[in-house]
Amino acid sequence: MTPEEFEQAQKVIMLQHGNHQAGNYTKHQYPLKGKVYCGYCQKLMKYRVLKKLGPSFNCRFSAAAVDSPCKRIPISEKLLEEIVRNALTAQIKQAEHILEVLHERERKALIRFSALERQEEKLSAEKAEIVKQRVALYEQYADGNISKEEFIRQRDAYRAQEDERMEQIQRLRTEKNQIFQPVKKDADNLQAVMDTVGKAGDVMHLSQNVVETFIDRIEVFNDERVKIRFPFEDVLAGYAE
């Protein structure tokens, strides 16, 4: 076989089986296969090409079974993909909105956190000064400048002031943790979800990567009602207003 004949044979093979080179891959990928279940019997729906609907998902439950709740009513792949795209787009928009809300809460929490930090620094400085005064008091007592009774009275007063400042500092630290850390954690978690959205690609194309990343399960009902389970829906549910 000459080089020219070999090249021509390669072209024929590519035309018969589809061009699989990067950027020219046209073979249908069926991205939703393996994700679609009957909403009634919970069986994985079968992918078939029907005369009226074309490429469709059909329940595997026997149509002859008298107790079948679904009667194998199919849903077209085109319609299902449109429903999935719309639902996924809505989920992402909701996530974006909630993330904006969390960032605003985080900003306000940070302002409050900074104010509490300044209060803690002030109380810590007061506590340090009380300690210095207590040390000076002990030196006076050691030098015999004050009586034991007076030393004990003033020492106990200083200790009470130290304890009071320390309690105030602990309360501030607890408030700081409660006011800022939970909001920051929630914002970081949701931001991680949105970063995943950015890496997965254009959700409107429903590529295999997009489906695997964002679709856990699709349940189809006879009235074309579809329930989609997203891996991040629990995250969003915790922030829903």
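These legends walk through several close-up views of one predicted model.

Residue numbers start from 1 along each chain as its sequence is written, and side-chain values use heavy atoms, with hydrogens and water left out. Because the model is predicted, local features need pLDDT of at least 70 and side-chain atom pairs count only at pLDDT 80 or more, while totals for chains, interfaces and linings use all residues.

**View 1. The whole chain has five helices and six strands.** Helices (H or I, at least four residues) and strands (E, at least two) are DSSP runs, numbered from the N terminus. If you trace the chain along its sequence, you meet them in the pattern α-β-β-β-β-α-α-α-β-β-α. There are 241 residues here, and 31% of them count as buried; buried means under 20% relative accessible area, exposed over 50%, and partly exposed in between (1.4 Å probe, protein chains only). Take the contacts (heavy atoms within 4.5 Å) between residues at least 6 apart in sequence: 57% of them join residues at least 24 apart.

**View 2. An open sheet is built from three strands in the order 1-5-6.** Pairing in this sheet is mixed, and two strands count as paired if DSSP finds at least two bridges between them. At the edges sit strand 1 (36-38) and strand 6 (226-229), each pairing on one side only. Neighbouring strands are turned by 25° against each other on average, direction ignored. The axes behind such angles are lines fitted to C-alpha atoms, for helices over the stretch in contact, and angles run from 0 to 180 degrees between N-to-C directions. Helix 2 (residues 77-142) packs on this sheet and touches strand 1, strand 5 and strand 6. The direction of helix 2 makes about 50° with that of strand 6.

**View 3. Strand 5 meets strand 6 in the antiparallel sense.** Strand 5 covers residues 217-220, and four bridges join it to strand 6. To pick out one pair, look for I218, whose bridge partner in strand 6 is I228. As background, strands of a sheet pair through backbone hydrogen bonds, either parallel or antiparallel.

**View 4. Strand 2 and strand 3 make a hairpin.** Three residues lie between the two strands. Strand 2 (residues 46-50) and strand 3 (residues 54-58) run antiparallel, joined by five bridges. L50 has G54 as its bridge partner, and V49 stands opposite P55. Strand 3 also pairs with strand 4 (residues 75-76), antiparallel again, over two bridges; there, S56 stands opposite S76. Four of the five residues of strand 3 are buried, so this strand is largely enclosed by the rest of the structure.

**View 5. One cavity of 30 Å³ or more is found in the structure.** On a 1 Å grid over the protein atoms alone, a cavity is a set of points where a 1.4 Å probe fits but cannot get out, and lining residues have an atom within 4 Å of a point. Grid points are joined across faces, edges and corners, and a volume is the space filled by probe spheres set on the points. The largest cavity holds about 40 Å³ of space. Its lining consists of C38, M45, C59, C70, I73, V220, F221 and N222. Seven of these residues are nonpolar, one is polar and none is charged. Here Ala, Val, Leu, Ile, Met, Phe, Trp, Tyr, Cys and Pro count as nonpolar, Asp, Glu, Lys and Arg as charged, and the others, Gly among them, as polar.

**View 6. R165 sits in helix 3 (residues 148-200).** With 17% relative accessibility, R165 counts as buried. Leaving aside neighbours within four places in sequence, R165 is in contact with L123, E126, K127 and I130.

Definitions and conventions. 1 Å grid on protein atoms, 1.4 Å probe; cavity = no way out; pocket = protein on both sides within 12 Å on 5 of 7 lines; lining within 4 Å.
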